[in-house]
Every structure is written in structure tokens, then in C-alpha cells.
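Reader: I am new to this structure. Please take me through one part of it closely, and then show me how that part sits in the rest of the chain.

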Amino acid sequence: MIPKYVTVIFPLALPKLYTYAVPPEMAADIVVGIRVEVSLKNKLYSALVAEVYEDIELAYKPKAIISIIDNLPMVTAIQLQFWKWMAEYYCCTIGEVMNMAMPSGLKLESETKVVFNGNFQDIDQALSDDEYLIAEAVSIQNELTILQIQEILDKKTVFPILRNLLDKRIISIKEELIEKFKPKTASFITLNEPYVSEPSKLNDAFDLVARSEKQTKALLAFVQISRNKNFTQAVSDICHLANVDTAAIQAMVKKDIFTISKQIVSRIKNTGAHQPENDTNHQLSLQQEDGLKEIEHHFGQNKPVLLHGITGSGKTKVYTELIKKVLAEEKQVLYLLPEIALTNHMVDRLTEVFGSDILVYHSRMNNQERVELWNAVLLGAKIVIAARSGLFMPYIHLGLIIVDEEHDPSFKQSDPNPRYNARDAAIFMSHLTNSKIILGSATPSMESFANTINDKYGLVTMSERHGDSVLPLVRVVDLRNEYKDKRFKGLFSAELVAAIEDALEKKEQVLLFQNRRGYAPTLHCHICGWKAECTNCDVHLTVHKTFNEVRCHYCGTRAKLPKQCPACGNHELHETGFGTEKIEDDIREIFPTATVARLDLDTAKTKLAFETIIHDFEEGKIDILVGTQMITKGLDFGNIALVGVLNADALLRYPDLRANERAFQLLTQVSGRAGRRTKQGKVIIQTFDPAHPVIVETMHHMYDRFFERESSERKMFLYPPYFRMIQIEFLHKNASTCAHAAAVFADAAKKLLGSRLIGPATPGIARIRGQYIQQVTIKMEKDPKAVKKIKTIILTERNKLREIKACSSVRVNIDVDPY
């Protein structure tokens, strides 16, 4: 087939794919998955070829492709299938999926450039000062970007000036596709002849540098590194080993000892310089061996597997054995983790077994690194450890997907489109690639466990801790009695204080958990009732004493901590509630000699800051670590004797269908950090409601009872996993416009959906980032045909809403499976 037409995907929220003509001279090089340069609305883009046609019926004459960017496909055919499924399932466009999936360095668009016409001296028209300044600048530089013009004029709005210059034909506009990815280069030196072919001549080189100590050290370093007969070495390596600067190298280049050149180097960091260790020292336990046999049995039946292993049961060792088997088959492994912060911890553990065959991929990497990692996976990289975005990499021989901590809400993307759940999407990806998939957790999600009961997934249970470690002893402290007996010391019960004291005396470590950062969530005046509230969101500002600020955790608004009430002038403002910052302050007062640190979003904003805190805790430099849910996820430390949960009630009282599930998972996970070696750990949970079912189930490690009780409630109220849900969110800066649009949509959709539709309703937080919110919830049976029909109705009614003038500016977000 000779390709004459192609449909392409743009990284934009376009309702359909666009068709372009293929010039005859490009036909031989056109294949699905390559990028081509095309024009759209007077701009140039790199679009991805999705389909190729020899003939196609169109109601318009298509534009021609301008150029072909790639020699080989950047996206596989399976990836394109995956994108199409995701767009359809999550009610978004395939362009939005592409935009989220591909690194920015591979999504090119043109930059507008201003070009001068003719000679500056020939201008005889009257120009304003700004027009004259730009005309002169463009005539000197030949062309300028819009950003450069804004900087010259020191103005944001420059288009009226450019329009006048265009009308006077002094300038013209052109679009130029900008290549974002630039290979990294480094300086290398090569030993010149005759020193290579006649090693004895090296003495002459040393004579030439004898008067310079730095040059002598650099030459010695080169000789040491090049013992393997590699006579080209990186300048940075030589300078580091010899402890000299580049001036010494340049001097030897002038003496014709070396030739210096630029070479392309990889940005991908080597995760392990050492070779993999012999893993025979870590023998599998009987439980792990049985677990592996069961997993292989379920894999043989082409079922996804849920590995339900309690905290500390040795799930990572089971994953390691599965990875070995897949690598022996020369296939790729994707290891998904819920948090970027956990990737390094897991890399360290896997590097001990697999050496440097590991790549790490996540959204906080710079664009250049992400492009190189993308290309490395296309070339067959063996093991990829990633957060949820790693699911979109171009795997060519994917053999195994591991979704660790599969219950974690971080696997769900809430904004922007596609609002996908990486765990669920990974299941479909395994089906497309015919690869095995295993989901692991000590506290499986309701959906995954329900799928094992329905025989959709295989279930493997590991109910004992690995080695000699045992589950921690869980104690529940009734704060009602503590208050009644006046034993309560600020935030800490007498039992918790005594337990911390005992742990510190034995040189053991303590974790204190509170899932709220900051010092206090509310600042108010008790005289007039004023409260510190966000101007953009309907929430209170949180006190952060370390920064002397009040902050909004939704939009990022900041203000200085007021010294008096802005309404009545009262100087005594009161803080209500407590966060990790206040806990850190108070615990230091009670235990002044202990080393206390805090791990939350404020102290661990960067990867380095997080790693430093974790490393110091692992090395025993920190006695007490206070943290949010960051400390609950998969971290393995041997010296934690005590875990304290300061306010379990805050987890249980959250207005969400998953409050009980999330509370059980968080409490169990944080408890699991205690006593992970030979000595039994202790967990103390502070609560005003010790008889709450979730507290009791956590205390006695009763997941099965929790699942049964929660399931009966979910069935009663038609909630997942027994029914499906779609949530539609309406956002606008005007409250009445938002409410009107939601009501119009709900009225129209209810005629077709009936009692399945609930709302519109105002959510608990009615305004975020200046946008008022209304919600419509749709509950439906799990029949795939019915779900597909309902999605079609939702999209149709949304499109009709956009055609109504009064509602056209309202943003509509569709969230499939919003949990």
C-alpha cells in the first residue's frame, strides 16, 4: 500500500483526528507512530501518525505534511491502542492522553517570529516610539520572538503594536518549529600519537609537564583510568580524580599531548555502579515459596494476581523472584509505585539484586531526561521503576507489571484529563501486551479484593511476617478518660509519653503520625469571630509558624501571620487543631535531648530533602520522626519500636464514601512500620471513639472482617465496587452561572438516566482557586453495555450544554471511577 493520507493526533483537546495528505516523495517513509510536521490554525506542530490510508473520502481538501521528523516510530501500535481505550473509557480526547503521556521534549510546536521587511532607512511612515523601537530592533537582529519583543518594550501586551507594523508592511510573521530536545554533550580528551602506539613515549609526555604539579597529577589520573586501553576519557572524570581544574587539561592540549572534543553523553543516571550481589544469602521462606507457586498457577490461567501480604511479610522478595524469571525470558518489567519519593528506596533494594539494569521514570524529571528515558525503553530497557506516568512508556517486550501498594489513592490522577487510575489502566495494559500483572498490598482496595471473590483475579495471601519479626502490639488510648483524669499532656496521652520515653532509653526510634501538615489548621479571633480564610477558596488558611505565614493548601495563597485581628484589633488570636509542625514543637519541649525531625510536604519538597531525612533516620541520627502519610508508604526500617497515631478520629470523620477504607489502610500501613525485625513493635492509637469498628479491626489486624462489614454498607447504598460511579464537576468564577449550567445538564440527563443521577449538589468545599463548583453524581449497574450507553449520554449532554450561550464558559470535568 502506498500511503496517500494519514490521520494524526495532536497533543491538544481536539474532538477528532485530522487528516493530512502525504506528498509522494514522503510516502515510503510514512509509518504509524512517527511524528510529522504539520500546520494547524497558522501554527506548526509535531503530530503523531495514527492511521495510514491509500484512499479516503473527505468533504474538504486536506493540507499536506510539511516534513517527517522521525526515522523510526516513537510510539508503538500497542501504545496507540492503549491511548484510544483510555480516551474512550475516561471520556476525554486522545489528544489529551497524548499530551499527558509523551514527554514535552517530543511534543513540538512552532514559535512565532517577527521578521523585518526591507531596509530600515527606507521607512518613511510615521511611527510611534514603541513601533520605532521594535522596527529598529528587528532590522538589526533580522528576527525576534514575541518574548524578546515583550522584554524590549517591558510590556506584556505587544500585539496592537505588531498589528500596526504589519498593516504598514514593515514586518511580517513566520512560524518555526522549535526542537525542544537537545542531546547533552561533555568534553572528552584523547591521547595523541605517538603516546598510544608507543607507551614508552609516555615518559616524554611526563617530561613536558614536569614543571606543573597539576598537569602531572592530571596525566597520572588519565593513565590510571585508561588502563583498559580506552584512550578517550571524560575531562570531568580526570579533573575529579586528580583534583585539578580544566586549565591543566587545556595546557596539555596546547602541548599536543591530548586532543579535546565534544561528545554526546546520556543524562540517565546509572542506578548501580556495582555488580549485582549473589542473592543466595537471602533464601526464600516457606511462605514465599508457596506464594510464588500460587502466583505461577494463577498466571497460568491468565489472571491478574492480588498478593495480599501483611506488612513485613516479604512481598518485595517475591517480586524480585518474578522479575528474575521475566528477565531470563528477555522481556521488560514495569514496577509501579504510588509516590515518586518511594522510587529511590525501592531502587536501592532492587539494585542489590539486578545491578544497574534499572531505570527510574517520573513526572518530576526534566524534559531532557524524560526524552532519553523514553528512547531507552524503546530500545529495550529491562526494568523501569516509575510512578503512575511510567505506564505510558513505549515498551516493546513487556513481560510483567507490578503495582505495589495498589490500594494507594496516588495512583488516581484527579486533574487534568485523563482522570485515570493507574492500577486499573495497568490491568488493561497487561491484557494488550499479553504480560503478567501482580497487584500487591497489605490492605487491598475494595475493588481488587472484590475481584478475587468474583474469580476475576487470583488471590495469594501471605499472613506471616518474614523471618523472626512479628506483628506489632496495637494499643488504643481512650482520650475521653485521659481528659477526665486530667492526664492529657497537650497532644500526647500519658501512655504515649511513657512509651516514647521507654523507646528513647533503649536507643530505639519513634514514628508519630498526623495526616495534616502545618502548625494549626485554623486561626481565629475569640472576640469578634474573625477567621483567617482564603480569598480564592472556601477554606481556612493553615498556620505555618516556621515560615511565619498562613497558607492555603488548595491554591497556594500565602500571607504573613497576623499579629492582631484585622477586624477588631484584638492581639490574642487563637489557633485551633494541630498539624505536624505543632507536634514537632511540642515533642521537643517534652524530650529536649531527643533528635526530632519532620517529614511532610513542607520539609521534603525536593527529592534531595526527602532522601536526606530518610537517610538520617535509617542511620539512626533521628530519634523521633513526625510525619504525614509520607511515612506510611513502604519504608522499611529495623529500629522503629513505637508508632504513635495522634488523632485517628480525623481520618474517620472525613465526608467521603471511602473514609473508613482509607482510615483502615492508613492506620494499618503506619502500624506496619513498627517492629519489622526480631523485636515486637508497639503501636498506640489515640481516639475519642475506641469502639469504632475500624479502630477495632485495625487493632486486631482483621482485614476480612473489615471487608465484609464495609461491603454490606456499600451494597446497601449502591456504592463501588458493587456499582459504578461517574462524577461530573461544573466550574465557573460566577456561582449562579455554575449552578445554572449544572441544573440545565442535570435536568436534561435525568430524563434519560432517571434515578441513577444524583444532584446537582454543592460539594464540601464550594470554591477552589476562584472557581465555584457544582457536582452531579451518576451511580449505575456494572453492565458494560449500560455503562457505555450512559457515557455516550453524558458526552452528548455536555456538548449540548456548550452550545448554550449562558453555559458555554462553564468548565465541565467528567471523572469516571472517582475513587
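Author: What follows starts with one pair of helices, moves to the residues around them, and then widens to other loops and the whole chain.

The model is predicted. Start with helix α24, which covers residues 735-753, and helix α25, which covers residues 784-803. Which way do the two run relative to each other? They pack at an angle of about 145°. Their axes lie 10 Å apart. The crossing of α24 past α25 is right-handed.

Now look at the contact itself. On the α24 side, the residues are Ala 741, Val 744, Phe 745, Ala 748, Ala 749, Leu 752 and Leu 753. On the α25 side, they are Ile 790, Ile 793, Ile 794, Glu 797, Arg 798 and Leu 801. How do these residues divide by type? In this contact of α24 with α25, 11 are nonpolar, two are charged and none is polar. Glu and Arg count as charged. Glu 797 and Arg 798 both belong to the α25 side.

Next, step back along the chain from α25. Glu 781 sits in the loop between β33, residues 771-780, and α25. Is Glu 781 buried or exposed? The relative accessible area of Glu 781 is 31%, so this residue counts as partly exposed. The limits for that class are 20% and 50%. Which residues does Glu 781 touch? Neighbours within four places in sequence are set aside here. Glu 781 is then in contact with Phe 723, Arg 724, Arg 756, Ala 786 and Val 787. Ala 786 and Val 787 fall within the span of α25, residues 784-803. For a view across the model, take His 397. Glu 781 and His 397 are 384 residues apart in sequence. In space, their C-alpha atoms are 36 Å apart.

One more feature belongs to this stretch. Strand β31 covers residues 757-761, and Pro 760 lies in it. The peptide bond joining Gly 759 and Pro 760 is cis, with omega about 10°.

There is another cis bond to find. This one runs from Asp 415 to Pro 416, and its omega is near 0°. Where is Pro 416? It lies in the loop between β16, residues 398-404, and α14, residues 422-433.

Follow α14 onward to Asn 434. This residue is in the loop between α14 and β17, which spans residues 436-441. The phi of Asn 434 is near 60°, a positive value in a residue other than glycine. Asn 434 has a relative accessible area of 63%, so Asn 434 is exposed. Being over 50% is what puts a residue in that class.

Asp 154 is another residue with positive phi. Its phi is near 55°, and it too is a residue other than glycine. Asp 154 lies in the loop between α4, residues 146-153, and α5, residues 159-167. With a relative accessible area of 70%, Asp 154 is exposed.

Two further places are worth a stop. Thr 595 is in the loop between α18, residues 580-590, and β26, residues 596-599. At 36% relative accessibility, Thr 595 is partly exposed. Its contacts, leaving aside neighbours within four places in sequence, are Lys 621, Ile 622, Asp 623 and Ile 624. Leu 625 is 30 residues from Thr 595 in sequence. The C-alpha distance between Thr 595 and Leu 625 is 8.6 Å.

Ala 609 is the other stop. It belongs to helix α19, residues 607-618. Its relative accessible area is 22%, which makes Ala 609 partly exposed. Not counting residues up to four places away in sequence, Ala 609 touches Thr 603 and Ala 604. Leu 473 is 136 residues from Ala 609 in sequence, and 32 Å away from C-alpha to C-alpha.

Finally, the whole chain. How many helices and strands does it have? There are 25 helices and 34 strands. The radius of gyration is 31 Å, close to the 28 Å that the globule rule gives for 819 residues, so the chain is as compact as a globular protein of that length. The C-alpha trace spans about 90 × 80 × 70 Å along its principal axes. Of the 819 residues, 51% count as buried. Take the contacts with a separation of 6 or more: 74% of them link residues 24 or more positions apart. The accessible surface comes to about 39,000 Å², and 50% of it belongs to carbon and sulfur atoms.

Key:
Residues numbered from 1 in each chain as written. Predicted model: local features only at pLDDT ≥ 70, side-chain atom pairs only at ≥ 80, totals over all residues. Heavy atoms only, no water. Axes fitted to C-alpha atoms, helices over the stretch in contact; angles between N-to-C directions. Helix = DSSP H or I, 4+ residues; strand = E, 2+ residues; numbered from the N terminus. Left-handed = near helix turned anticlockwise from the far one by under 90°. Contact = heavy atoms within 4.5 Å. Rg over C-alpha atoms; globule rule 2.2 N^0.38 Å. Buried < 20%, exposed > 50% of the residue type's maximum accessible area, 1.4 Å probe, protein only. Areas by Shrake-Rupley, 256 points an atom, 1.4 Å probe, with all protein chains shown as cover.
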